[in-house]
Amino acid sequence: MKKNIFVNLSNHPSQRWCQEQKETVDKIVPDAQIMDYPFPSVDSSLNEAQILKLADQLADEIVVLEPSAVMCQGEFGLTFALVSILKKNGIKVVYSCSERKTTEHQTERGTEKISTFMFVKFREY
């Protein structure tokens, strides 16, 4: 039995999410408890077997929580492995989709670009 838990497996704490993103979570998992779970730093020297072992360990920790959904965003290889495992366990896995708004300003040192990312929706893997 799935619980009303939405796991945020990323390096973007839900405290910094916009209200729209939190409301969208509620559409995916009604009355959800958002549980932040930091995506680990992945050493570039790890080989595929080590990535899979790390994915298995993380998936084991998440599966026991019985979440209804997981937002998984991080290093590509580990993300791919985790998404595969979580989906095999019947867990909905999503990622955040945003639009980048960029403004440019001329300064005495050159052109300064400021990018703002605006949440749009979650997409399912």
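Student: Which residue in S5 is the bridge partner of Val94?
Tutor: That's Glu124. Before we go on, this is a predicted model, with residues numbered from 1 along each chain as its sequence is written. Local features need pLDDT of at least 70, side-chain atom pairs count only at pLDDT 80 or more, totals for chains, interfaces and linings use all residues, and side-chain values use heavy atoms, with hydrogens and water left out.

Student: What makes S4 and S5 a pair?
Tutor: Two strands pair if DSSP finds at least two bridges between them. S4 and S5 are joined by 14 bridges, so they pair, and they run antiparallel. A hairpin of two residues connects S4 to S5.

Student: And how do you know that S3 pairs with S4?
Tutor: Three bridges link S3 and S4, so the cut-off is met, this time in the parallel sense. Here Val94 turns up again, as the bridge partner of Met71.

Student: What makes something a strand or a helix in the first place?
Tutor: Both are DSSP runs, numbered from the N terminus: helices are H or I with at least four residues, strands are E with at least two. The protein chain has three helices and five strands, in the pattern β-α-β-α-β-α-β-β along the sequence.

Student: Why is the unit made by S1, H1 and S2 called right-handed?
Tutor: Point the strands away from you: the crossover is right-handed if the path from the first strand over the helix to the second runs clockwise. S1 (residues 3-10), H1 (residues 19-28) and S2 (residues 33-38) make a β-α-β unit that is right-handed, so its path runs clockwise in that view. S1 and S2 run parallel and are joined by six bridges. Across from Asn8 you'll find Asp36 in S2.

Student: Why is Ser10 called buried?
Tutor: Buried means under 20% relative accessible area, exposed means over 50%, and partly exposed is in between (1.4 Å probe, protein chains only). Ser10, in strand S1, has 4% relative accessibility, so it counts as buried. Leaving out residues up to four places away in sequence, Ser10 touches Tyr37, Pro38, Phe39, Met71 and Gln73, where contact means heavy atoms within 4.5 Å.

Student: What makes the link from the side chain of Ser10 to His12 a polar contact?
Tutor: A polar contact is a pair of N or O atoms within 3.5 Å; within protein, one must be able to donate a hydrogen and the other to accept it, and residues adjacent in sequence count only if both atoms are side-chain atoms. The side chain of Ser10 reaches the backbone nitrogen of His12 at 3.1 Å, so the distance falls within the cut-off.

Student: Gly90 and Ile91 are both in the loop between H3 and S4. Which is buried and which is exposed?
Tutor: Set them against the cut-offs: Gly90 has a relative accessible area of 53%, so it is exposed, while Ile91 has 5% relative accessibility, so it counts as buried. Beyond its neighbours within four places in sequence, Ile91 is in contact with several residues, including Val63, Pro67 and Leu86. Val63 is 28 residues away from Ile91 in sequence, but 8.2 Å away in space, C-alpha to C-alpha.

Student: How do you know that the buried residues of H1 line one face?
Tutor: The buried residues of H1 are Gln21, Thr24 and Val25. Seen down the helix axis, they fall within an arc of 110 degrees, so they line one face of H1. That arc is of the directions from the helix axis to the C-beta atoms. The face turned away from this buried side carries the exposed residues Gln19 and Lys27.

Student: Why is there no disulfide between Cys18 and Cys97?
Tutor: A disulfide is a pair of cysteine sulfur atoms within 2.5 Å. The structure holds zero disulfides. The sulfurs of Cys18 and Cys97 are 12 Å apart, so they are too far for a bond.

Student: How are those two cysteines classed, buried or partly exposed?
Tutor: Cys18, at 34% relative accessibility, counts as partly exposed. Cys97, at 12%, counts as buried.
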